[in-house]
Amino acid sequence: MNDHDEHAYRIIASVDEITSFPATITIDRDPFFLVQTGEDAEGYRLVSAICPHAGGLVRQHENELICPLHFWAFDPLTGESTNVPGERLECQPVEVRDGHYTIRTNA
Ligand code: FES
C-alpha cells in the first residue's frame, strides 16, 4: 500500500443497478439508504436505516425517512432528524469509482 492508496474501498452497488434514490442497500445484513445529494459524481451518501433512538428500521415516507416505532423523522440527504433536534442517522460519503458506488473502509 502506498501514499496514494492509503484507504481501501468497498463496492456497495453498481451504478447501473440503482435506478432511483433513495435506494435501499444491505451491507453485511445492515440496512442503508443510498441517497443522491448533488448532481456531480461526488454527490452521494450512505445513510443508515437504523434509528438512533432504539434501533427501529427507518422507512422512506414521501420526502422523509420515518421510524415507525416512535415516529422520529429524518432528512434523507443529511441524516439529521427533522423533529428531534441533535439526533441523526449515521452517514458516510460515497464515491463513484469505475462504475460502482464505493465507501472507504479502515483497511
Ligand atoms: S426507535 Fe426509532 S423513534 Fe424510537
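**Figure 1. Strand β4 and its partner β8, with Val 47 standing opposite Cys 91 of β8.** The model is predicted: local features need pLDDT of at least 70, side-chain atom pairs count only at pLDDT 80 or more, and totals for chains, interfaces and linings use all residues. Residues are numbered from 1 along each chain as its sequence is written. Strand β8 covers residues 91-97 and runs antiparallel to β4, to which four bridges join it. Strands (E, at least two residues) and helices (H or I, at least four) are DSSP runs numbered from the N terminus. Two strands count as paired if DSSP finds at least two bridges between them.

**Figure 2. Strand β4 and its partner β3, paired in the antiparallel sense.** Strand β3 takes in residues 30-36 and shares five bridges with β4. Within this pair, Phe 33 stands opposite Val 47.

**Figure 3. Burial of strand β4 on both faces.** Which residues of β4 lie on each side? Tyr 44, Leu 46 and Ser 48 are on one side, Arg 45 and Val 47 are on the other, and all are buried. In a regular strand the side chains alternate between the two faces of the sheet. A residue is buried if 20 or more other C-beta atoms lie within 10 Å of its own, exposed if 12 or fewer, and partly exposed in between, with C-beta atoms placed from the backbone. Because five of the five residues of β4 (residues 44-48) are buried, the strand is largely enclosed by the rest of the structure.

**Figure 4. The largest nonpolar core and the contacts of Val 47.** This core has 17 residues, and those with the most contacts inside it are Phe 33, Val 47 and Val 58. At least two of the core residues come from each of β3, β4 and β9 (100-105). A nonpolar core is a set of buried Ala, Val, Leu, Ile, Met, Phe, Trp, Tyr and Cys residues joined through C-beta atoms within 7 Å. Neighbours within four places in sequence left aside, Val 47 is in contact with Phe 32, Phe 33, Val 35, Pro 76, Gly 79, Leu 89 and Cys 91. Contact means that the C-beta atoms of two residues, placed from the backbone, lie within 7 Å.

**Figure 5. The cis peptide bond between Phe 21 and Pro 22.** Omega of this bond is about -5 degrees. Pro 22 is placed in the loop between β1 (8-14) and β2 (23-27).

**Figure 6. Positive phi values at Asp 28 and Arg 29.** Most residues other than glycine have a negative phi, and most peptide bonds are trans. Asp 28, not a glycine, has a positive phi of about 50 degrees. For Arg 29 the positive phi is near 70 degrees. Asp 28 is found in the loop between β2 and β3, and Arg 29 is also found there. Are these residues buried or exposed? Asp 28 is exposed, because 5 other C-beta atoms lie within 10 Å. Arg 29 counts as exposed because it has 5 C-beta neighbours inside 10 Å.

**Figure 7. The open sheet of three strands and the loop at Glu 62.** The strand order is β5-β6-β7, with antiparallel pairing. Strands β5 and β7 (73-74) are the edges, each pairing on one side only. Three bridges connect β5 with β6, and Arg 59 stands opposite Ile 66 in β6. Glu 62 is in the loop between β5 (59-61) and β6 (64-66). Glu 62 counts as exposed because it has 5 C-beta neighbours inside 10 Å. Its C-alpha atom and that of Ser 20 are separated by 14 Å, the two residues being 42 residues apart along the chain.
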